[in-house]
4 protein chains.
Amino acid sequence: MALDRFQDFLSALVAKQRALFVGSEQESIVDLLTKLMGTSGEVSGIVTARQALDHYVGLSEDQKLAFFQNLESSFNADETLVNLAYQAYAKNPCSQTLNKLSLTTEPRRLELLRRLNQTPGATHELVSMRTDLLKFLKQQPELKTVDDDFVRMFTSWFGRGFLQLETINWSTSAAILERIIRYEAVHEIRDWDDLRSRIDPLNRRCFAYFHPALVDEPLIFVEVALLNELPGAIAPILESGGGEVGRSSDFNTAVFYSISNCQPGLRNISFGNFLIKQVVQELQSEFPSIKTFVTLSPVPGFSHWLLNKSAVADDGDRSQLSELKAEAQALSQNQTAESITENADLLRKAVFNYLVQAKKGKFPLDPVARFHLGNGASLHQIHPRADCSDKGMQQSLSAMVNYLYDLRSIESNHESYASEGIVHFNDKLKSLLTKS
Amino acid sequence: MALDRFQDFLSALVAKQRALFVGSEQESIVDLLTKLMGTSGEVSGIVTARQALDHYVGLSEDQKLAFFQNLESSFNADETLVNLAYQAYAKNPCSQTLNKLSLTTEPRRLELLRRLNQTPGATHELVSMRTDLLKFLKQQPELKTVDDDFVRMFTSWFGRGFLQLETINWSTSAAILERIIRYEAVHEIRDWDDLRSRIDPLNRRCFAYFHPALVDEPLIFVEVALLNELPGAIAPILESGGGEVGRSSDFNTAVFYSISNCQPGLRNISFGNFLIKQVVQELQSEFPSIKTFVTLSPVPGFSHWLLNKSAVADDGDRSQLSELKAEAQALSQNQTAESITENADLLRKAVFNYLVQAKKGKFPLDPVARFHLGNGASLHQIHPRADCSDKGMQQSLSAMVNYLYDLRSIESNHESYASEGIVHFNDKLKSLLTKS
Amino acid sequence: MALDRFQDFLSALVAKQRALFVGSEQESIVDLLTKLMGTSGEVSGIVTARQALDHYVGLSEDQKLAFFQNLESSFNADETLVNLAYQAYAKNPCSQTLNKLSLTTEPRRLELLRRLNQTPGATHELVSMRTDLLKFLKQQPELKTVDDDFVRMFTSWFGRGFLQLETINWSTSAAILERIIRYEAVHEIRDWDDLRSRIDPLNRRCFAYFHPALVDEPLIFVEVALLNELPGAIAPILESGGGEVGRSSDFNTAVFYSISNCQPGLRNISFGNFLIKQVVQELQSEFPSIKTFVTLSPVPGFSHWLLNKSAVADDGDRSQLSELKAEAQALSQNQTAESITENADLLRKAVFNYLVQAKKGKFPLDPVARFHLGNGASLHQIHPRADCSDKGMQQSLSAMVNYLYDLRSIESNHESYASEGIVHFNDKLKSLLTKS
Amino acid sequence: MALDRFQDFLSALVAKQRALFVGSEQESIVDLLTKLMGTSGEVSGIVTARQALDHYVGLSEDQKLAFFQNLESSFNADETLVNLAYQAYAKNPCSQTLNKLSLTTEPRRLELLRRLNQTPGATHELVSMRTDLLKFLKQQPELKTVDDDFVRMFTSWFGRGFLQLETINWSTSAAILERIIRYEAVHEIRDWDDLRSRIDPLNRRCFAYFHPALVDEPLIFVEVALLNELPGAIAPILESGGGEVGRSSDFNTAVFYSISNCQPGLRNISFGNFLIKQVVQELQSEFPSIKTFVTLSPVPGFSHWLLNKSAVADDGDRSQLSELKAEAQALSQNQTAESITENADLLRKAVFNYLVQAKKGKFPLDPVARFHLGNGASLHQIHPRADCSDKGMQQSLSAMVNYLYDLRSIESNHESYASEGIVHFNDKLKSLLTKS
């Protein structure tokens, strides 16, 4: 029984059983949640969960907010029981009293999520529910505890052992490809022809993680170009469409030029770091000739940092860096491809020092840098005039960057980065470093 | 990428990375666990988890016991932090302080299991690990808390939404069928021919639950015979091999004659109740002509109850029941198929009253009865001389029982059973009831 | 090994072996064919076949013509051997001499096609080769014998027993869907959204035949709308996109609104008649509530007939029909949807009599009518103003027709149609019949 | 729609339509064949074909013989039409008259087979039908023409382009594996455990060809052992069961130790030669370390030749060879493993000269030698005491042989073997050659 048939079947089962076992459809969602937490009959549990989820979808924004507020206030633990459990633990702290205390203090929200997830297709809807929740979070910081419980539950459900890596190509089902188009977040896929040019040619690859409970829904995907040289600009990759390619054995470089998270509801449930490493291995086994694995990445925070006074302030009185920054600021007034070519060295130097010296805490200010360096990659090369699209000009004056994934050093890179915030970079870049 | 290729690939990945990143293979398992809890680099985490699991397999029984004892004593929570978190909660019991308390009191065993489960194939090995643990549990009741944590983790991983129902038939892979032979626990499958006679004929069906992380490993399966009448004995089902069968549309009865749990390490993670109900739905949609869904079940506790004095005592001075029991005891001296035929009425009456009146707490003494009645089935019919195998004679003087799954009443049956222990039975059996 | 991997693999094999075994790539195609017919070594046979096919693709139009002319003139049989075989047969006509004669007279073109087909992927290229041939056929009627041999070979390869019916839906691979868009010949599919609206909704279905040697290539497909009434116009079907649909059990009518042959190179290798019948059965088993299976078909020859004098002449002096025709001709001057509505009865009557009375030989003049009536369908209803597109107005003044597939009568309909050209039609249409 | 569902579906379709369209089931098979050749309605054609095939299965041996005799005598061509077609050809021999003659002389048996093959599942039954026919052939040589027509049809249907190579392993369905056990013809597979030891271990492989119209039916399969040395005996391969194996990259030798044709009804439709070459390529791509591809083959005709006087006579007065043979004959009196060990050199020499010098026409007398040498393999090594089973002792005094498949020379070997019967052998064996 294929998974989709299984889902179909269970949906039908629920539909039938709903008719058999259930009373009024008019029950409020609060009633339904109460009922769900009280059921012991499992069929009625599944049906009630389905009703609650269906009900949720129909709520207005205000009602959804109320729903989450109710989760925050009414699905905690029984205070008396917590106190008793703690007293037992305090008297005799051992595994038995601790386990009891741990179970007692578990917010009832977690059990609620587990029960909702019993019904077929629920995982998908719970991920969507968290997407809603995240929107409220900015205005309603008290809902953070509810979100923490979602994260706690999802971390367990979406453990790495349950993820499946799939190749995305022109033989993939339209149902999945349509989502790839929709979810691409870095370099927009314009239409199906554009998609085909990214996944069908012999020198293009695309990989995605899936989870068995989210049918046809990629969690994250990465697009790869196989080349014979380090790429210095994004346009040739996006436009070439793979074109005429010789035999595959020629490739010596794999470029990860786009990584997109697909499920906003799974934010902070991390897959990306492992995806790249697994894809490196996959490609290495298919193409033994490939020796270099790099990204071609944007530098999204550069312009903002360059122009931002407070950012300058962060750097204090670092004289040389401040001078460099002041000098580079002039560039941003003058954003033509030509002027950038003329000032390529200055731009390269400014970007390098931004990535290496501009910090948020002990880590780099740039979010993309944080992601790849945190994975154990190193800063490999900087390309001025690499992305002359409006977006590229705006965020980084067209500069892009290669991060290098070298399996022999990612683990040690990661360790020193994680503990001390050390940014590893190519020796050849050393001369660009400005004293701060 | 098929799941098995995914597993292969990850195994290779670990093998390679182990070579790249890891030092001595001589580290003790305690060191490895400590290291695992301390890692932040994820590749080294996966490798350390793999090492720990490989190490575990090589332990002696005594070392395994020590391993679990270590889990019990050294992977609890930080007492100071628990105290602090509780004080914050006691001062201001709200979702925030509760969540903090809940996280702080979570036994570190849970995080350990999560981290071990990061490495490919780990789920299977953790299930095996619990199988070992269960054996120690009788002698070492203090390990109960460790087991509770396994259950807590498994309940989350093996949630119903992640189970996949598969049909088992002659087109199923040998890798799976071989396990079906091995795991059959009720009516032994002698060899591949015997297996084929149970899954290949048009009037036989077999269904199993699978989990994506346990490749080729059934969790539980049920064997079904499609018939034109209520079956009164097991031998014709096992022997007939389906034989000549007319068109499928003729069937009016589906008989669940064998249900086997496959994974001892998943004990108490319940799948069986839902399996039967889902199979009922599946069969109903394929064969609209089938109106009756029954089991043909053993009565494993009958003989023991009949002969056991203390069990009699349980029933107190219930005069008529005691008399019936005394009368029926004579039967067990005289176990030939013939004598049973002569005393069929007595046996039927005794079995009925055993199932309905012999209790463990408020529920029936018989474990199979507890399972099906707890699912919402009702006691439908009793067949003396239904299983004349040695095992059948021994445990129930050859009697077997049909439990009826009627979707219209299982939920209400379940409710009254769960709350009050009410045993629902066929009206036609009423006359057999003896006053207690 | 999936079929595609099999193809990949064989391509690689050929590529490698080509390098190993083969001399110059400069050989002419005539040399290659000669070599191919002379090879006994099978690897060299496969390689030579591959070379010949690759060579063919690079030929100019003139060279292709010369290639086919060479097939016509130089790949017949050995005249002397034919004479000898005939003399032996004439002396003693028996199965032995006949078989010998039959083998001797077999044009060597057939063996050439068989040998070309040994190489992986060849079937597809041979189908394309015939597409080329068909274009030459009009100007070069002597090539008809070459085409007859293609047909003879294809008939054997594409026997019904080797066809596979597949459901086309949104889970189908993009590689196949892209061809569905391209091959749709009746009602153009504008883009992927339009495609989705035809195959994804619950009340739409699409089925195609595939052949194992033509990977991802549909041979023919049919689009179906499931409705609750007989459709009287095509626009609502194409536009509705399935929209909101209740439970599937409601449908009572299945409409085949588009049938497209995909492979011009397989012209006259008939699949269509069987496809519809198989789909009828498929739908009947999925939707027992569907009782009516009809087409919604164009009447492509109507306007031409109406305005064509010679066509009138065909009908001789049939007074009433001629009058009707003359009257209807006026309509075509005045092609607005309004005017057609006003003259609906006249149009209906004219279309009916065109379909029933205008003949080519003993069969209807209209090609679509010939197809469906030849399949055993009957003329069921006529709809004026059913297709107001430019194409629809032009070819039939907007009229469309339902042909009814009733499994109980298609075989008898077919027999009387095939032998006597009888056009079966709905009794309710009888009154429209004009004396000729 | 999976192929099996397609078959199921069509069976149901036929079943239904049979009920709808067909009269008496009592028609004789002759009537049915006549009807089948006369039908133009395609549904009735399918149904009639099904009836004829069903009818055939129920015939007695005598009736089957009569059936084939009827095919031989009554399904030839129309004599008058043949004469007319020939006269037209004789007058003007061109592609047109030839094609006409070719079609006219085609035995109606071929069209009959095509029409029978229209019905689902027919291909399998036609293969079985030929199995029956082959049994009659020895006694009824006049049926040879019927068999020739089966071969002619099958050659077209089972063209190489339609074959699919599949890996057989422990994940293969039981339906297929069961046939592998049944069809193994060289070294019997005792039971499922024995099977597993041949397909599951890391150093064992099995490959089979399938055809889409014969679902679950292998056509031919080969068993392979991956080793680190040239094998000198069969027992270690059969017994070892793969045992402990290091990493796969260690293998340097692949041994084809068993090749079995599965379908007696496809005799003379050759697959074996290509299978080995394709498997060589497959293994080479998976294990680049494997450099040597050899068989471990029996020498089935050796003992018979050694003891057979007439065989000696064949060799005429070749003095040295006759002496060798006379000397070796003594061995066969004395068949113990010990005595063979003592006389290993003599046996090796005798076997070598048997393979190289004993001929049937210009080719080797030994059938296995003919197969592999005809494929382009060369005689690589001879092993006395390699198969001490009863069968091995009896047919070759325990000797076995390696034939080497070297892709660089198979094509040239094949050519000189095919044209001149040259037996290529390892230079190291040269010294064993005895003057004849």
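This report describes where the chains of a predicted model touch one another. Residues are numbered from 1 along each chain as its sequence is written, while chains are lettered from A and ligands numbered from 1 in the order in which they are written. Because the model is predicted, local features need pLDDT of at least 70 and side-chain atom pairs count only at pLDDT 80 or more, whereas totals for chains, interfaces and linings use all residues.

Two residues are in contact if their C-beta atoms, placed from the backbone, lie within 7 Å. By this rule, 60 residues of chain A are in contact with 60 residues of chain B, and the contact between chain B and chain D takes eight residues from each of these chains. Helices (DSSP runs of H or I with at least four residues) are numbered from the N terminus. Ala, Val, Leu, Ile, Met, Phe, Trp, Tyr, Cys and Pro count as nonpolar, Asp, Glu, Lys and Arg as charged, and the others, Gly among them, as polar.

| Side | Largest contribution | Residue classes |
|---|---|---|
| chain A, touching chain B | helix α6 (residues 95–105) of chain A, seven residues | 24 nonpolar, 22 polar, 14 charged |
| chain B, touching chain D | helix α10 (residues 174–183) of chain B, three residues | five nonpolar, three polar, no charged |

When copies are superposed by least squares on the C-alpha atoms of residues with pLDDT of at least 70 in both, a rotation of 180° with 0.0 Å of shift along its axis brings chain B onto chain D, with an RMSD of 0.1 Å. The two copies are therefore related as by a two-fold rotation axis. Among the residues of chain B, B:S173 comes closest to the rotation axis, with its C-alpha at 2.0 Å. The same surface serves both copies, since 100% of the contact residues of chain B recur in chain D.

Key. Helix = DSSP H or I, 4+ residues; strand = E, 2+ residues; numbered from the N terminus.
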